[in-house]
Amino acid sequence: MQPNAVIEVGTARTNDRKRPVRIGNRERLSVIAGPCQLESRQHALETAHALKEIAARLDIGLIYKTSFDKANRTSAAAARGVGLAEAMPIFAEIRDVTGLPTLTDVHEIDQCAPVAEVVDVLQIPAFLCRQTDLIIAAARTGAALNIKKGQFLSPWEMINVIAKATSAGNPNVMACERGVSFGYNMLVSDMRALPIMARIGCPVVFDATHSVMLPGGQGDRSGGQREFVPVLARAAVAVGVAAVFIETHPDPDNAPSDGPNMLPLSQLESLLRELLEYDALAKRRPQPAVVAGGA
């Protein structure tokens, strides 16, 4: 089975308050946005409503993202989130009240089926993108998948990762670039990875916030360089992508996780407005053929 070139997220649950988000490399740019961690019901709903208003003003397709458990923490003492049991009704409420499709990470096989009941997109974290059983379990739920490319993988290796999901009967899979390890505590983004992964046939997402992370850069936690989020986002959209992934928070300096690389919510609308202009320009021209493979 080949991956779908265009994915419609939220189709099965469309009502009079929302329309499905179309995600494709030749479609108008979409955005996956929200706080790194699900901190509380009130915080999640307030942020979701604010993002919905931004999306409506810009007429951009938006998927709300947040994580119920940040399992890949640098330190065991780091805050991980509210957990699955508390998060389930919050995800359902966000979707029902705002009409936004939702996305969250899964880390274990047993999480996939229950989480897929209340969110539209299951995300496979970069560290787990080689975990075959997890990918297959997530794919079998029928939910769309966003699979992050590991910091240790080349872009052409993602064809094998995507094939695991489609072999389980799910063609609705996105490949997400989030930088590659470059020495200690550093990531770099190779923009060649975007057209290479597009050759797989699936929508390509660029994660602009985790790409500026400094993994483990603060000793017991990761650091980040959020000032470069707009720089990398503009570069990726100019190359041509289906969607950008941007973690955002009203007060990132006081967020429980990933604050140094999250974009302040107050800056998101102006950045997205600019990215839509880059997107329109990039998608007016034909995309060059790229042969997937190493040097």
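Contact here means heavy atoms within 4.5 Å. The structure described is a predicted model. By this criterion, isoleucine 147 touches Ile124, Cys129, Ile135, Met158, Val161, Ile162, Ala165, Val173, Met174, Ala175 and Cys176, with residues up to four places away in sequence left out of the count. Ile147 belongs to the largest nonpolar core, which has 70 residues. Together with Leu122, Ile147 has the most contacts inside that core. Helix 1 provides the largest share of the core, seven residues. A further core, of 15 residues, lies apart from it and includes Ile23, Ile32, Val121 and Val205. In soluble globular proteins, nonpolar side chains tend to be buried together.

The protein as a whole comes to eight helices and 15 strands. Of its 295 residues, 54% count as buried. Contacts between residues at least 6 apart in sequence were also examined by separation; 69% of them join residues at least 24 apart.

Helix 2 spans residues 84-98. Its 15 residues should span 21 Å at 1.5 Å a residue, and its end C-alpha atoms are 21 Å apart, so expectation and model agree. The buried residues of helix 2 are Ala87, Met88, Ile90, Phe91, Ile94, Arg95 and Thr98. An α-helix has 3.6 residues a turn, so residues three or four places apart point the same way. The buried residues of helix 2 pack against helix 1, strand 4, strand 5 (102-105) and helix 3 (109-116). Just after the helix, glycine 99 takes a positive phi of about 80°.

Threonine 102 lies in strand 5. Its relative accessibility is 0%, so threonine 102 counts as buried. Neighbours within four places in sequence aside, threonine 102 is in contact with Ile63, Tyr64, Phe91, Ile94, Arg95, Val118, Val119, Asp120 and Val121. Among these partners are Phe91, Ile94 and Arg95, which are also listed as buried residues of helix 2.

Helix 8 covers residues 265-282 and has 18 residues. Helix 8 reaches 26 Å from its first C-alpha to its last, close to the 26 Å expected at 1.5 Å a residue. Its buried residues are Leu265, Leu268, Glu269, Leu271, Leu272, Leu275, Leu276, Asp279 and Ala282. They pack against strand 3 (30-34), helix 1, helix 7 (229-239), strand 14 (243-249) and strand 15 (263-264). Helix 1 is thus a packing partner of the buried residues of helix 8 and of those of helix 2.

Strands 14 and 15 are joined by a loop that holds aspartate 258. Aspartate 258 has a positive phi of about 60° although it is not a glycine. Its relative accessible area is 8%, under the 20% cut-off, so aspartate 258 is buried. Aspartate 59 also has a positive phi, of about 55°, and is not a glycine. Aspartate 59 sits in the loop between helix 1 and strand 4. With a relative accessible area of 44%, aspartate 59 is partly exposed.

Two further loop residues were examined. Threonine 209 lies in the loop between strand 11 (204-207) and strand 12 (213-214). Threonine 209 is buried, with a relative accessible area of 0%. Beyond neighbours within four places in sequence, threonine 209 is in contact with Val229, Phe245, Ile246, Glu247, Asn261, Met262 and Leu263. Glutamate 157 occupies the loop between strand 7 (144-148) and helix 5 (158-167). At 29% relative accessibility, glutamate 157 counts as partly exposed. Glutamate 157 and methionine 197 are 40 residues apart along the chain, and their C-alpha atoms are separated by 8.9 Å.

The second largest pocket holds about 460 Å³ of space. Of the 21 residues that line this pocket, Arg19, Val21, Ile60, Gly61 and Leu62 are the closest to its centre. Strand 2 (21-24), helix 1 (41-58) and strand 4 (61-65) are the elements that give two or more residues to the lining. The largest share, three residues, comes from helix 1. By class, the lining has nine nonpolar, four polar and eight charged residues. Helix 1 therefore gives the largest share both of this lining and of the largest nonpolar core.

Conventions:
Residues numbered from 1 in each chain as written. Heavy atoms only, no water. 1 Å grid on protein atoms, 1.4 Å probe; cavity = no way out; pocket = protein on both sides within 12 Å on 5 of 7 lines; lining within 4 Å. Points joined across faces, edges and corners; volume = space filled by probe spheres on them. Helix = DSSP H or I, 4+ residues; strand = E, 2+ residues; numbered from the N terminus. Nonpolar A, V, L, I, M, F, W, Y, C, P; charged D, E, K, R; others polar. Core = buried A, V, L, I, M, F, W, Y, C linked by side-chain atoms within 4.5 Å. Buried < 20%, exposed > 50% of the residue type's maximum accessible area, 1.4 Å probe, protein only. Expected span 1.5 Å × (residues − 1).
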